[in-house]
Amino acid sequence: MSAVQRASDGVSGEYAPAPADHPFLRRSGGGLDGLDPLGDVERREQAAMIHAGRLLSVHSWELVTAVDGPGTRMTTFLSGCPLSCLYCHNPDTMDMRRGTLVPTDELCQRIYRYRRIFARTGGGITISGGEPLMQPRGVSEILQFARDNDIHTAIDTSGFLGVRCSDAMMRNLNLVLLDIKSGVPEVYKRTTNQELEPTLEFAQRLGAAKVPVWVRFVLVPGLTDDRDNIERVAEIASSSPSLERVEVLPFHQMGRDKWEALGFDYKLEETKPPTAEATEQARDIFRRRGIATY
Ligand code: SF4
């Protein structure tokens, strides 16, 4: 059975697929079913609404269990990302203009609908992407709404735009899934076309604010799997006082078709997924530092 089943009708409610015995790199959600997109609004007003947090550019959403945080979760994938990871399995989320504009209230209503499932399973919401901090005001509104309704909150972020996470937003976070793409700055740059430093600064802020962190690291043969690189990621992770776990996610080729469909240059055409043995060896590097690693 697939470890991730989609509730793509948007209303099917509870389901309980078998949990995966290890985490893995996921694709984005099933669709936008159940969400009413914005009607006709002038482009300038759209921009103002996004800026004010009343509108979000959304790629998709889905209900999942055993991924993206504890319990059953409503994971919403927002559009727009400042990174261009070579292994990105959701390249169609990189450009915010490709998303569908959804009123923030609309998303909140959808979240509210699942509150009992969240309570029963110890789940909640996860805002993913793309990069959620590309749309900080709207995300902040959603987090506040969730906390007001006792719903567990998480964001899945690279931390590159961590400076946009306000202290108020930070207080409304129960969990951050922090994607550390690489531990060596040059490898980070090669992998994402951006700098590592903002992620390190954000990790420090999360630690100081005692926000629980799950670090995610994608193991890509020939790109991120150098031992020194993994050691550096482990060093960064273990320096976080609020780290709860690390997930080492083996690279896969499930995003390749999307790169081709978008006409993007996919540079990992020839890259194979890591072997199970290599993935376990990478996990052992974290475990040796006493980190719960999956
Ligand atoms: S941060 Fe995520 S969404 Fe953005 S390019 Fe990297 S893998 Fe893709």
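Helices and strands are taken here as DSSP runs, of at least four residues for a helix and at least two for a strand, and they are numbered from the N terminus. With that in hand I placed Gly130, which is found in the loop between β4 (124-128) and α4 (136-148). The model I am reading is a predicted one.

**Entry 1: the cis peptide.** I looked up the bond on the N-terminal side of Gly130 and noted that a cis peptide bond joins Gly129 and Gly130, with omega at about 20°. Both Gly129 and Gly130 are listed among the residues around the ligand, so I turned to that shell next.

**Entry 2: the ligand shell.** The residues around the ligand include Cys81, Leu83, Ser84, Cys85 and Cys88, and further along the chain Asn90, Thr93 and Met94. Glu131 and Ser158 also belong to this list. I sorted the shell by class and recorded five nonpolar, six polar and one charged residues.

**Entry 3: the chain as a whole.** I wrote down 10 helices and eight strands for the protein chain. The chain has 294 residues, of which 45% count as buried. Among its contacts with a separation of 6 or more, 75% are between residues 24 or more positions apart.

**Entry 4: strand β1 and its partners.** I followed β1, residues 55-65, and found 11 of its 11 residues buried. Strand β1 runs antiparallel to β2 (residues 72-78), to which seven bridges join it, and in this pairing Trp61 stands opposite Thr76. With β3 (residues 100-103) the arrangement is also antiparallel, through four bridges, and there Leu55 stands opposite Pro103.

**Entry 5: the turn between β1 and β2.** These two strands form a hairpin with six residues between them, and Ala66 in the turn has a positive phi of about 80°. Asp68 has its place in the loop between β1 and β2 as well, and its phi, near 65°, is a positive value in a residue other than glycine. Is Asp68 buried or exposed? Asp68 counts as buried because 25 C-beta neighbours lie inside 10 Å, where the cut-off is 20 or more.

**Entry 6: Asp150.** I then checked Asp150, found in the loop between α4 and β5, where phi is near 55°, again a positive value in a residue other than glycine. Asp150 counts as exposed, because it has 10 C-beta neighbours inside 10 Å and the limit for that class is 12 or fewer.

**Entry 7: Ile155.** The place of Ile155 is in strand β5, residues 152-157. What does its count of C-beta neighbours say about Ile155? There are 28 of them inside 10 Å, and therefore Ile155 counts as buried. Leaving aside neighbours within four places in sequence, I listed Ile127, Pro132, Val139, Leu173 and Val176 as the contacts of Ile155. I also noted Thr75, which is 80 residues from Ile155 along the chain, while the C-alpha atoms of the two are separated by 9.1 Å.

**Entry 8: helices α8 and α10.** Last, I examined how α8 (residues 227-238) packs with α10 (residues 276-287), and recorded an angle of about 35° with the axes 9 Å apart. The crossing of the two helices is right-handed. From α8, the residues Ile230, Glu231, Ala234 and Ala237 meet Ala282, Ile285 and Phe286 of α10. By class, the residues of this contact divide into six nonpolar, no polar and one charged.

Terms used: Residues numbered from 1 in each chain as written. Predicted model: local features only at pLDDT ≥ 70, side-chain atom pairs only at ≥ 80, totals over all residues. Near = placed C-beta within 6 Å. Nonpolar A, V, L, I, M, F, W, Y, C, P; charged D, E, K, R; others polar. Contact = placed C-beta atoms within 7 Å. Pairing = 2+ DSSP bridges. Axes fitted to C-alpha atoms, helices over the stretch in contact; angles between N-to-C directions. Left-handed = near helix turned anticlockwise from the far one by under 90°.
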